[in-house]
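Student: I should like to take a close look at the aromatic rings of this protein, and at how they are placed in the fold. Could you discuss them in one connected account?

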Amino acid sequence: MSLKKRGASLLVGAGAITALVATSGTAHAADPVEPGGIDPSLTTINLLNINDFHGRIDTDGTGASGKAFACTVVETRAQLGEDSTALLSAGDNIGASPFTSASQEDLPTIQFLNTLGLEASAVGNHEFDRGFSDLTGRVSQAADFDLLGANVYERGTTTPALDEYSIVEVGGLKVGVVGAVTQQTPSLVSPQGVSGLDFGDPVEAVNRVAAQLKDGDATNGEADIVVAEYHEGATEGDDLTTLDAQVAAGGAFADIVNDTAGEVDAIFTGHTHKGYAWDAPAPDGGTRPIIQSNSYGDTLGQLQLGFDEETGEVTQYSATNVEVADPTDSCASNPTYTSASAIVDEAVATAGELGKKVIGTVSDDITTAHNDGARDNRQRESTLGNLTADIWLDALNQPGRGGADIGIMNPGGLRDELLYEPTGDEEPGEVTYAEAASINPFANTLMTVDLTGAQVVTLLEQQWQPEGSSRPFLKLGLSDNVTYTYDPDAAAGSRISSVSIDGEPLDEGATYTIASGSFLIGGGDNFTVLAEGSNAKDTGLIDTDAFVNYFGARDEVSPDHRKQAVAITDQPSELTAGDEVSFTASGFDLTSLGSPTNSEVEVFVGDDSVGTFPITAGLIQGVPTRNGTADISFTVPEQAGAPAGIAAAADDDTSQVRLVASPSDTEVSFPVTITADEPTSTTTDPTTSTTSDPTTSTSSDPSTSTSTSTSTSGTGTRTGTPTATSTSGTAPGTDGDVTGPVVETDDTTPGPGAGVVGSGLGLLLAAGAALAIAGARRTAGRRH
């Protein structure tokens with residue numbers, strides 16, 4: 001396939017583009033009708049569309065999925081008319097593919113789509129998985145269809161790096177197909193592979209090219225009908241199920257709906273793996289179709305356009321998604337189907353030999369987060385995500401490797417599950433090479449990078465994606481030595497409340513070595529702080545190989561249902577012994593297959609259990625969504641304060657509050673400073689007793705000599721009560737026999753023993769304690 005720049009005239013700046021769009025013709029109104037309902041007086045063209053196919057010619061080792069898809073395309077085309085139908089795509093045809101396709105570098109999938117007659121496709125971000133040179137070399141040479149990216153430019157210029165559009169002849173009409181990819185592509189692929197490119201605003205690019213195709217100038221291309229293929233789509237979210245809700249939410253999809261120029265008659269979208277066929281508002285107040293067809297070839301987009309030859313406009317349309325069904329007998333005699341089926345059979349056989357080697361066993365399912373029966377909920381923590389982070393950390397800590405402190409894994413990189421029940425000829429629990437490769441199909445190399453503790457906090461903050469992102473939150477998988485708490489309602493940049501590494505609070509000034517794939521370390525998925533780290537090193541170890549090695553070194557691998565991040569509202573940082581403390585914790589439960597629902601959480605202050613509290617099951621909406629809530633309220637133990645006899649000059653006690661949920665053993669902790677509640681000191685040596693200063697003592701009753709002994713040394717204020725007290729009389733303000741002790745106030749003038757109740761020994765104890773604490777703090781160091 002030639003990658004010549006069809007219609008790619010010299011590009012203009014953003015201001016000129018805006019002016020060009022503003023002066024172009026307005027859109028005509030089109031009426032939606034039911035499928036097959038186009039007025040016979042109009043010329044009907046049929047456009048079939050896919051998005052996010054991701055090499056799904058085989059999902060179960062039999063090729064059934066690919067054959068079902070092929071038959072659906074063939075039969076739908078036959079029903080609509082071969083000459084009046086074209087097959088198009090919104091991108092991500094390859095990449096993130098199951099083992100059958102991935103093990104053969106997606107060549108079988110490209111051949112399969114060639115055979116089915118795919119004519120033009122927007123490039124998706126996954127077309128860049130192996131770099132731009134691979135896309136324009138190996139992939140483009142194998143593909144018979146045009147690869148379109150109107151918003152992909154050579155770095156620092158407005159020169160198109162790919163074809164911007166393709167003219168497809170359908171039913172005697174020229175259909176201009178304009179392709180554009182999400183502007184977030186550099187954050188979704190290995191940055192090194194696209195370092196020579198700029199990714200511009202996709203809507204501006206589509207509008208610019210559509211205006212050219214409708215300006216009457218044959219030198220820059222002309223089309224009767226223009227359709228946009230955007231590899232960008234409606235935002236994820238359980239509350240975003242309608243077009244109005246999507247537009248109100250703003251972001252890239254709202255821009256597509258609101259700002260795509262009137263020259264565009266229909267809009268296909270992709271990237272977010274959602275299914276919809278909506279009547280979107282057109283610029284003149286009419287409507288036009290906007291469609292996305294789920295993903296993986298499980299539905300086929302079907303768009304019919306009714307073109308008025310006299311006016312040169314589309315005046316009717318129908319849009320729907322056709323469910324892919326099992327092959328029928330009629331397909332068996334269709335040469336297109338039989339050719340596509342043969343490609344699938346050959347690919348399955350080749351992959352079968354490569355992938356049937358057993359690499360290890362699992363004791364139970366280890367999966368991504370699930371939501372209403374569907375896998376791959378990227379907002380949620382998962383057993384598979386955390387295991388993969390463990391594997392990366394383990395790989396980099398093997399002899400001869402550079403070592404690391406923390407492993408991380410992006411949820412979008414987990415493309416399959418580890419299931420206990422066999423999917424092929426293996427025994428229950430056995431994991432094959434094919435299964436491991438299907439989970440990690442990108443062939444990323446493992447890398448390390450050094451971050452400060454403060455940057456680690458930023459890394460966790462960046463799970464909340466930039467405003468306008470298709471996915472508002474991406475939950476990192478974390479190695480099992482990392483836990484954290486967060487406030488989901490806090491402002492951006494301040495949501496992470498505490499982080500623990502190896503059971504100790506994270507040191508923001510220390511250095512931690514992070515292990516992950518090259519995609520993440522390069523700043524992928526908007527985790528830009530990783531690209532800002534220091535001492536980045538590529539180990540050359542492929543992620544799939546690390547996965548295989550991990551299983552090969554163990555008799556069995558089990559799922560870990562401990563959740564590593566818990567939301568806490570009103571998390572305290574300071575406690576006072578004897579005080580009542582209350583806060584709410586939520587998000588105790590994983591949603592991976594087999595994960596238990598936690599019923600209670602025990603809370604510890606230091607080593608002291610302060611109570612067990614029920615966890616109320618149920619989904620909590622928000623970003624991220626979470627399951628399980630506990631209202632926690634307890635009295636801070638008296639022994640949590642400074643030990644008796646330690647002078648007030650010593651620092652306040654530093655401890656941790658730990659939450660341990662049952663039955664999953666989910667555990668998180670956060671540091672607190674604990675202040676003793678008015679500790680009582682007892683003087684037993686008459687030679688060191690403290691005499692009150694009559695100028696500072698107060699008494700409201702001659703029978704009760706009451707004074708306050710206060711230390712102002714150090715940063716805290718402590719109150720002591722000497723043993724020499726009088727219990728005669730009644731305390732002021734009481735109506736019974738309740739009496740209070742005489743409290744003697746130390747002289748506030750600095751001097752021997754000032755601020756310390758007791759002897760010089762007490763002063764030494766206080767000083768020793770302070771030195772010990774300070775010394776312990778000075779020993780905090782780097783983490784490698």
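Tutor: Both F53 and F112 are buried, and these two residues are a suitable place to begin, with the reminder that the model is a predicted one. A pair of aromatic rings is described by the distance of the centres and the angle of the planes. The count of aromatic pairs here comes to 17. In one of them, F53 and F112 are stacked, with 6.1 Å from centre to centre and 10° between the planes; an angle under 30 degrees is what places the pair in that class. F53 belongs to the loop between β2 (43-50) and α2 (64-80), whereas F112 lies in helix α4 (residues 107-116), so the pair ties together parts that are 59 residues apart in sequence.

The pair of Y484 and Y486 has another geometry: the rings are tilted, at 6.0 Å centre to centre and with 50° between the planes. Y484 is buried, its relative accessible area being 1%. Y486 is buried as well, with a value of 3%.

Ring pairs can also join into a group: W392, F547, Y550 and F551 are linked into a cluster in this way.

Some rings have a charged partner. The charged end of R56 sits over the ring of Y296, at 3.8 Å from its centre. R658 lies over the face of F604, and here the distance to the ring centre is 4.4 Å.

A further aromatic residue, F253, is found in helix α9 (residues 252-259), where F253, A254, I256 and V257 are buried. These four cover an arc of only 155° around the axis, and therefore lie on the same side of α9. An α-helix has 3.6 residues a turn, so residues three or four places apart point the same way. The cover over the buried residues of α9 includes the helices α7 (202-213) and α8 (243-249), together with the strands β10 (225-231), β11 (266-268), β12 (275-281) and β13 (287-293).

These details belong to a protein chain with 16 helices and 38 strands. Of its 784 residues, 53% count as buried. Among contacts between residues at least 6 apart in sequence, 75% join residues at least 24 apart; the pair of F53 and F112, whose parts are 59 residues apart, may be read alongside that figure. As for the surface, the chain exposes about 31,200 Å², of which carbon and sulfur atoms supply 49%.

Notes: Residues are numbered from 1 along each chain as its sequence is written. This is a predicted model: local features need pLDDT of at least 70, side-chain atom pairs count only at pLDDT 80 or more; totals for chains, interfaces and linings use all residues. Side-chain values use heavy atoms; hydrogens and water are left out. Rings of Phe, Tyr and Trp (its six-membered ring) pair if their centres lie within 6.5 Å; planes under 30 degrees apart count as stacked, over 60 as edge-to-face and the rest as tilted. Helices (H or I, at least four residues) and strands (E, at least two) are DSSP runs, numbered from the N terminus. Buried means under 20% relative accessible area, exposed over 50%, partly exposed in between (1.4 Å probe, protein chains only). A charge sits over a ring if NZ of Lys or CZ of Arg is within 6 Å of the ring centre and within 35 degrees of the ring normal. The arc is that of the directions from the helix axis to the C-beta atoms. Contact means heavy atoms within 4.5 Å. Accessible areas come from the Shrake-Rupley method with a 1.4 Å probe; for residues, only the protein chains shown count as cover.
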